[in-house]
Amino acid sequence: MSLKKPTGPRSIALVGPYSSGKTSLLETFLHICGEIDRKGKVADGTSVGDSAKEARDRQMSVEVNSAHFSFMGDEFSVLDCPGSVEFLQESKNVLIGVDAAILVCEPDPDRTVTLLPLLKILEQNAVPTFIFINKIDRAKGTVHDLFQSLEAVSNRDLVLRQAPIVKDGIITGYVDLASERAYVYKEGQPSKIIEMTPEVAEMEGTSRFAMLETLADYDDHIMEEILDDIEPEQDEIYELLQQDLQQGFVVPVLLGAAESEHGIRRLLKALRHEVPSSERTSERCSMTAKSDVPVAQVLKTYMSAQAGKLSLCRIWSGKFEDGENYNAGRIAGMFRLQGGKVQKVASAGMGDVVAFGRLDNLHTGDVLHNSENISATKSQILEPVFDFSLHAEKREEDVKLTAALGKLTEEDPSLVAEHRQETQELLLKGQGEIHLRVALERLRNKYGLSVQSKTPKVAYREAIRKGIVHHARFKKQSGGHGQFGDVKIEIKPLGRGEGFQFHQNVVGGSVPKQYIPAVEHGVRDYLCEGPLGFPVVDVSVTLLDGQHHAVDSSENAFRSAARIAMSEGMRKCSPVLLEPVCKVEVVMPSSFTTRVTGIVSSRRGQILGFDAREGWLGWEILSTMMPEKELRDLIIDLRSVTQGVGTYSASYDHLQELTGALAAKVVDQIVVEP
């Protein structure tokens with residue numbers, strides 16, 4: 001067999017949980033490949049990645065960082081994705097347009113459950129994936145135990161590519177199971193090849209056989225060789241590792257420590273030889289354009305108050321020139337991003353990742369081209385699970401705030417800004433409190449907007465339990481024509497969800513026809529705020545009788561009389577508070593079910609049942625009814641007890657009565673609000 005190395009520029013996504021060390025790994029890549037003279041540190045705010053002020057203030061990635069390097073003549077673009085689950089949308093957007101991904105994790109078996117959401121996204125997008133176990137010098141337990149815990153959360157077969165060499169309980173090197181060579185780590189230098197001791201050789205033989213067994217599941221020839229006790233040729237093994245990775249059959253697992261440069265050069269060599277070419281990725285992603293047709297897709301949108309809009313794009317085919325016109329407009333600048341630094345380029349071709357300037361009609365996931373019938377898969381947008389109510393500190397900046405929020409939501413599609421009619425509030429929704437706090441910091445840092453945030457109001461309503469007939473009169477004399485309106489109305493409760501009904505049974509013209517619509521308007525005026533202080537629903541009002549004056553009666557007089565009748569009558573109808581209840585689906589690993597049900601019960605949730613989560617081995621969906629008020633910080637508690645992987649979706653279902661101390665507290669609160 002002859003191993004053919006992929007060629008051309010290729011793109012890699014770095015993904016992994018918060019604190020796994022992705023940004024440090026990127027820094028080491030750039031240093032080894034000569035892009036930077038010395039490695040920066042996230043804690044010092046000197047890394048190439050995480051250049052945004054919001055990221056450096058928090059010492060964590062809050063958006064995708066793009067960088068480039070060349071290794072042994074091969075060009076790579078690296079997209080470093082945030083690790084926090086609150087910025088998962090950034091990873092989802094990027095993974096639709098990369099040739100491969102490196103899933104970075106810590107050597108702690110108890111934390112491998114945090115990898116499952118990322119593994120599912122990678123699997124769903126069929127992205128060739130490497131797992132890099134970082135910080136291997138601080139491993140908890142054995143690599144064998146860690147590998148088993150990784151296997152438990154992956155639907156694809158894992159292949160351990162390196163067996164650890166352990167001395168005095170510390171991993172000091174590794175054996176490459178494909179080449180059968182042993183190496184010892186050297187701080188800040190390439191690993192040094194060493195002779196295998198008998199103990200290491202025995203361990204290597206066992207680990208290598210396990211690797212070959214996994215590869216044999218996808219190749220009949222190597223299966224026959226194993227059964228006949230024939231040692232496969234080394235080139236054959238390398239070719240199978242390459243093919244199985246590119247076809248998504250297996251996920252290679254490599255070891256190392258980014259900060260010390262342990263195992264990083266071996267990882268780079270694996271990327272160079274095994275990451276598929278752009279042509280192969282185009283086929284995987286069903287991009288049907290010819291190789292000479294310019295097609296690019298937006299993976300990330302950046303908004304700058306000074307430089308304007310930048311669209312970070314993966315070029316699927318063809319060649320793009322600065323200043324050329326395409327379906328979304330004219331490219332006004334083409335740039336290569338190296339963290340926060342921008343380098344202008346004149347053109348870019350297939351496989352490159354570059355940023356196009358000022359394409360205002362191009363959004364994340366969109367395709368830039370000059371042909372017809374070109375489309376591409378877009379990532380699914382995550383549903384919001386947390387929200388704030390916003391208002392500008394300076395009232396005159398409300399319009400500016402709306403415009404700035406539009407730019408934020410374009411930059412990050414998982415942010416949603418909307419006006420809630422029921423509570424008359426401007427809401428910002430997202431993936432968690434940190435996600436929204438970062439958005440508020442961007443409003444201040446980028447757009448000079450100081451914004452106040454608070455807990456959104458709950459859309460309480462009120463209804464009545466009994467009916468009444470009530471008479472009211474509005475009479476006012478101020479010289480000349482006066483004001484006179486007299487009504488007799490019947491107020492009755494309706495079934496839940498029936499809304500508002502108005503009828504009239506006036507006989508004999510006691511209330512002239514031209515004034516009846518004014519009575520209805522007066523009733524509706526009152527329904528905006530009932531006796532408990534909330535909008536009234538599920539009530540029927542019938543105009544029975546009244547009186548009018550030939551000179552002094554008017555529409556305004558009858559409208560006022562109706563409001564008085566409602567105000568006096570509704571207090572006698574046993575008003576009751578209604579709270580909105582949502583249908584909620586909580587998803588979590590089965591091992592956390594008991595804790596999650598405890599949280600749901602403590603929040604007045606009514607458990608409806610459990611189902612297995614389709615395609616997620618060992619996960620469950622808990623269906624429940626829960627008051628809207630209890631959803632406020634539900635995501636915080638869920639993530640706290642599920643290592644950050646539990647989440648929920650909610651939709652309004654119905655209104656239900658709220659009584660007792662809880663209702664009294666709500667009513668008292670609205671009385672004291674300014």
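Biologist: In this predicted model, which residue's side chain is joined to that of Ser61 by a polar contact of 2.6 Å?

Modeller: Ser61 sits in the loop between helix 2 (53-58) and strand 2 (65-71). Residues that Ser61 touches include Thr23, Asp80 and Phe87, and the side chain of Thr23 makes a polar contact with that of Ser61 at 3.3 Å. The contact of 2.6 Å joins the side chain of Ser61 to that of Asp50.

Biologist: Is Ser61 buried or exposed?

Modeller: The C-alpha atom of Ser61 is separated by 6.9 Å from that of Gly83, 22 residues apart along the chain. The relative accessibility of Ser61 is 7%. The cut-off for burial is under 20%, so Ser61 counts as buried.

Biologist: Which backbone nitrogen does the side chain of Glu411 reach?

Modeller: Glu411 is found in helix 11 (residues 398-411). At 2% relative accessibility, Glu411 counts as buried. Beyond four places in sequence, Glu411 touches Glu63, Glu90, Lys300, Thr301, Tyr302, Met303 and Lys446. At 3.1 Å, the backbone nitrogen reached by the Glu411 side chain is that of Met303.

Biologist: At roughly what angle do the axes of helix 8 and helix 9 cross?

Modeller: Helix 8 covers residues 234-246 and helix 9 covers residues 264-274, and their axes come within 10 Å. The range for roughly perpendicular is 65 to 115 degrees, and helix 8 is roughly perpendicular to helix 9. The axes cross at roughly 75 degrees.

Biologist: How many charged residues does the contact of helix 8 with helix 9 have?

Modeller: On the helix 8 side are Tyr238, Leu241, Gln242, Leu245 and Gln246, which meet Arg266, His273 and Glu274 of helix 9. By class, the contact has three nonpolar and three polar residues, and the charged ones number two.

Biologist: Which are the edge strands of the open sheet in the order 23-24-22-25?

Modeller: Four strands form this sheet, and their pairing is antiparallel. Ignoring direction, neighbouring strands are turned by 35 degrees against each other on average. An edge strand here pairs on one side only, which is the case for strand 23 (416-420) and strand 25 (451-454).

Biologist: Which residue of strand 24 is the bridge partner of Phe386?

Modeller: Strand 22 (residues 386-392) and strand 24 (residues 425-430) run antiparallel and are joined by five bridges. In strand 24, the partner of Phe386 is Gly430.

Biologist: What angle does the direction of helix 12 make with that of strand 22?

Modeller: Helix 11 lies across strand 22, strand 23, strand 24 and strand 25, and runs at about 145 degrees to strand 22. Helix 12 (residues 433-447) also packs on the sheet, where it touches strand 22, strand 24 and strand 25. The direction of helix 12 makes an angle with that of strand 22 of about 20 degrees.

Biologist: Which residue takes a positive phi in the hairpin of strand 8 and strand 9?

Modeller: Strand 8 (residues 170-176) pairs with strand 9 (residues 181-186) in the antiparallel sense over four bridges, and Val175 stands opposite Ala182. Four residues lie between the two strands. With a phi near 60 degrees, the residue is Glu180.

Biologist: And which residue takes a positive phi in the hairpin of strand 9 and strand 10?

Modeller: Strand 9 runs antiparallel to strand 10 (residues 189-194), with four bridges joining them. Lys186 has Gln189 in strand 10 as its bridge partner. This hairpin has two residues between the strands, and the one with a positive phi near 70 degrees is Gly188.

How values were computed. Residues are numbered from 1 along each chain as its sequence is written. This is a predicted model: local features need pLDDT of at least 70, side-chain atom pairs count only at pLDDT 80 or more; totals for chains, interfaces and linings use all residues. Side-chain values use heavy atoms; hydrogens and water are left out. Two strands pair if DSSP finds at least two bridges between them. Buried means under 20% relative accessible area, exposed over 50%, partly exposed in between (1.4 Å probe, protein chains only). A polar contact is a pair of N or O atoms within 3.5 Å; within protein, one must be able to donate a hydrogen and the other to accept it, and residues adjacent in sequence count only if both atoms are side-chain atoms. Contact means heavy atoms within 4.5 Å. Axes are lines fitted to C-alpha atoms, for helices over the stretch in contact, and angles run from 0 to 180 degrees between N-to-C directions. Angles under 35 degrees count as roughly parallel, over 145 as roughly antiparallel, 65 to 115 as roughly perpendicular and the rest as oblique. Ala, Val, Leu, Ile, Met, Phe, Trp, Tyr, Cys and Pro count as nonpolar, Asp, Glu, Lys and Arg as charged, and the others, Gly among them, as polar.
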